[in-house]
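Please look over the sequence and the model shown here. The paragraphs after it go through a surface position, the fold, and a group of aromatic rings.

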Amino acid sequence: MNLITLTVSGAIMGTLMPGVMLMSIAPYVASIRANNFAEAETSAVTYSTLAQDKYTLPEIPDNCEVELIEDRTYNITCAVGQEKYREEVTRAFSLLDEVANSLTVTSDDDLDGFDDVTGMPTHYFQCYSGWKGSSEDSLKNNCELGGPYVIPAYQHLYSNNEEVSE
């Protein structure tokens, strides 16, 4: 082997080696980033799922931040890793609204099986033969006001009624 061949071979190897080294560690770097992403996503999805059926924010995990977007709608951003291995995930969720989820029960003074203010049925649907009655009596013969088919939130409307069957 002569000196020129050795010099050219060394130059080529010196030029190619950084690229070869980078390619050899790329799967390892991708694995670290994928693990960090999975951990961040698990934290964000778990928190947003947990918070969706709550009225207030649960305890926020260490690697996450919660941001208010608009009334009762939030973003949670979770980050795992450092510098070029850092992965962030953002998920949106809404908390329950206490006012919107509360049932306002008023009255059924005319004892027709419907709330007098909202018009909502006070009994489960198997009691009704039609909406507000296609005939004079809208309740089926086998349903009594306040009987076993009453919706629990409306039970108190019929507790003093003689038609209640326990």
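At 44% relative accessibility, V8 counts as partly exposed, because that class lies between the cut-offs of under 20% for buried and over 50% for exposed. The model is a predicted one, so the value is computed from predicted coordinates. V8 sits in helix α1, which covers residues 3–51. Together with I4 and I12, V8 makes up a nonpolar patch on the surface. The accessible area of I4, V8 and I12 together is about 290 Å².

The chain as a whole gives the setting for this patch. One helix and three strands are present in the protein chain, and along the sequence they follow the pattern α-β-β-β. Of the 166 residues, 26% are buried. The accessible surface of the chain is about 11,500 Å², and carbon and sulfur atoms account for 56% of that surface. Contacts can also be sorted by separation in sequence: among those between residues at least 6 apart, 40% join residues at least 24 apart.

The aromatic rings come next. The structure contains two aromatic pairs. In one of them, Y47 and F93 have ring centres 5.7 Å apart and planes at 75 degrees, so this pair is edge-to-face; the class requires planes over 60 degrees apart. Because Y47 belongs to helix α1 and F93 to strand β3 (residues 87–94), the pair ties together parts that are 46 residues apart in sequence. Both Y47 and F93 are buried.

F93 also pairs with Y74. Here the ring centres of Y74 and F93 are 5.8 Å apart and the planes meet at 20 degrees, so the pair is stacked, the cut-off for stacking being under 30 degrees. This pair, too, links distant parts of the chain: Y74 is in strand β2 (residues 73–80) and F93 is in strand β3, with their positions 19 residues apart in the numbering.

Why does F93 count as buried? Its relative accessibility is 3%, and buried means under 20%. Y74 is buried as well, with a relative accessible area of 15%.

Taken together, the ring pairs link Y47, Y74 and F93 into a cluster. F93 takes part in the edge-to-face pair with Y47 and in the stacked pair with Y74. Helix α1 therefore holds Y47 of this cluster, with F93 coming from strand β3, while Y74 comes from strand β2. Helix α1 also carries V8, which belongs to the surface patch with I4 and I12.

Terms used: Residues are numbered from 1 along each chain as its sequence is written. This is a predicted model: local features need pLDDT of at least 70, side-chain atom pairs count only at pLDDT 80 or more; totals for chains, interfaces and linings use all residues. Side-chain values use heavy atoms; hydrogens and water are left out. Patches are made of residues with over 30% relative accessible area and no salt bridge: like charges are joined within 9 Å, nonpolar side chains (Val, Leu, Ile, Met, Phe, Trp, Tyr) within 5 Å. Accessible areas come from the Shrake-Rupley method with a 1.4 Å probe; for residues, only the protein chains shown count as cover. A salt bridge is a side-chain nitrogen of Lys or Arg within 4 Å of a carboxyl oxygen of Asp or Glu. Helices (H or I, at least four residues) and strands (E, at least two) are DSSP runs, numbered from the N terminus. Buried means under 20% relative accessible area, exposed over 50%, partly exposed in between (1.4 Å probe, protein chains only). Rings of Phe, Tyr and Trp (its six-membered ring) pair if their centres lie within 6.5 Å; planes under 30 degrees apart count as stacked, over 60 as edge-to-face and the rest as tilted. Contact means heavy atoms within 4.5 Å.
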